[in-house]
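Here is a short tour of one structure for anyone who likes to think in grids, pockets and torsions. Have the sequence and the 3D view at hand as you read.

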Amino acid sequence: MGDFLTLSPEEWVAVTLSLRIAAVATLVSLPFGVLAALALARGNFWGKALLDGLIHLPLILPPVVTGYLLLLLFGRRGVIGEPLDQVLGVTVAFKWTGAALACAVMGFPLMVRAMRLSIEAVDRRLEDAAATLGAGPISVFFTVTLPLCLPGFLAGMVLCFAKAMGEFGATITFVSNIPGQTQTLASAIYSFLQVPGGDAPALRLVILSVLLSMGALIASEALTQRARRRQG
């Protein structure tokens, strides 16, 4: 039993790479997630429904479609990827940074939704009171809104991280499945299932994925409940 639960070096590489990709995807998404959540929760502008739809579109589209669109945009001949490659020498397609980008896109809607609900639950009278005392919008956010929303923000980050850890379709379409470079936990499971004798390592990684996902869901729910208690 002990030998069965011991991960091989190849499996460890996939796990550590997935953790790095998920962490980068979450941290890079964070400032954009906060801005998007604020715009949707507090903004009143033309195109708000369109912005909301675009943000949540990756949740509805097949992940392969999202990955293909990323390839069209950020591939070496893509609308954005070609200028990046020629001017800055930056290439994200078929690299771990591209996997982080794909995971960020897929996890972004979950982050924004959790943050938006947390912001909408804040009593506007508290923000208005701070504003009447001379605090500007940025000061109000950091002194009133953010402390009250912090558990909800953390819950959004946890959900984004968990989604990034389990992402497969968009990632394998955009950056392929290169061991040690772009092979994440999900794509490693897929690879093991394609070869004879790969059932055992695949099962180990499946168990690890289930444990990580359950831990993330429990943490997210605990943070959400804490946010509700703080806000009322």
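The notes below cover the pocket, the cavity, a surface patch and two backbone torsions of this predicted model.

## The largest pocket

Let's begin with the open space. The largest pocket holds about 650 Å³, and 23 residues line it. Those nearest its centre are Leu-70, Phe-74, Leu-101, Ala-104 and Val-105. Two or more lining residues come from each of helix H2 (9–42), helix H3 (48–60), helix H4 (63–74) and H6. H6 is the top contributor, giving six residues to the lining.

What is the class make-up of this lining? It has 20 nonpolar residues and three polar ones, with no charged residues.

## A closed cavity

Across the whole structure, the search turns up one cavity of 30 Å³ or more. The volume of the largest cavity is about 30 Å³. Around it sit Phe-74, Gly-75, Arg-76, Gly-81, Leu-84, Val-90, Thr-91 and Val-92. Phe-74 is thus a name to remember: it lines this cavity and is also listed among the residues nearest the centre of the largest pocket.

By class, the cavity lining splits into four nonpolar, three polar and one charged residue. Arg counts as charged and Gly as polar, so Arg-76 is the charged member of the lining, while Gly-75 and Gly-81 fall on the polar side.

## A nonpolar patch on the surface

On the outside, a nonpolar surface patch covers about 710 Å². Its members are Leu-203, Val-206, Ile-207, Val-210, Leu-211, Met-214, Leu-217 and Ile-218.

Take Leu-211 as an example from this patch. Leu-211 belongs to helix H11, which spans residues 199–231. Is Leu-211 buried or exposed? Its relative accessibility is 58%, and because the cut-off for exposed is over 50%, Leu-211 counts as exposed.

## Two positive phi angles

Most residues other than glycine have a negative phi. Two residues here are worth a look in that light.

Phe-94 is not a glycine, yet its phi is positive, at about 65°. Phe-94 lies in the loop that runs between helix H5 (81–88) and helix H6 (96–120). With a relative accessible area of 40%, Phe-94 is partly exposed.

Ser-176, also a residue other than glycine, has a positive phi near 65°. The loop between helix H9 (169–175) and helix H10 (185–193) is where Ser-176 is placed. Ser-176 has a relative accessible area of 29%, so it is partly exposed.

Notes: Residues numbered from 1 in each chain as written. Predicted model: local features only at pLDDT ≥ 70, side-chain atom pairs only at ≥ 80, totals over all residues. Heavy atoms only, no water. Helix = DSSP H or I, 4+ residues; strand = E, 2+ residues; numbered from the N terminus. Buried < 20%, exposed > 50% of the residue type's maximum accessible area, 1.4 Å probe, protein only. 1 Å grid on protein atoms, 1.4 Å probe; cavity = no way out; pocket = protein on both sides within 12 Å on 5 of 7 lines; lining within 4 Å. Points joined across faces, edges and corners; volume = space filled by probe spheres on them. Patch = residues over 30% accessible without salt bridge, like charges linked within 9 Å, V, L, I, M, F, W, Y side chains within 5 Å. Areas by Shrake-Rupley, 256 points an atom, 1.4 Å probe, with all protein chains shown as cover. Salt bridge = Lys/Arg side-chain N within 4 Å of Asp/Glu carboxyl O.
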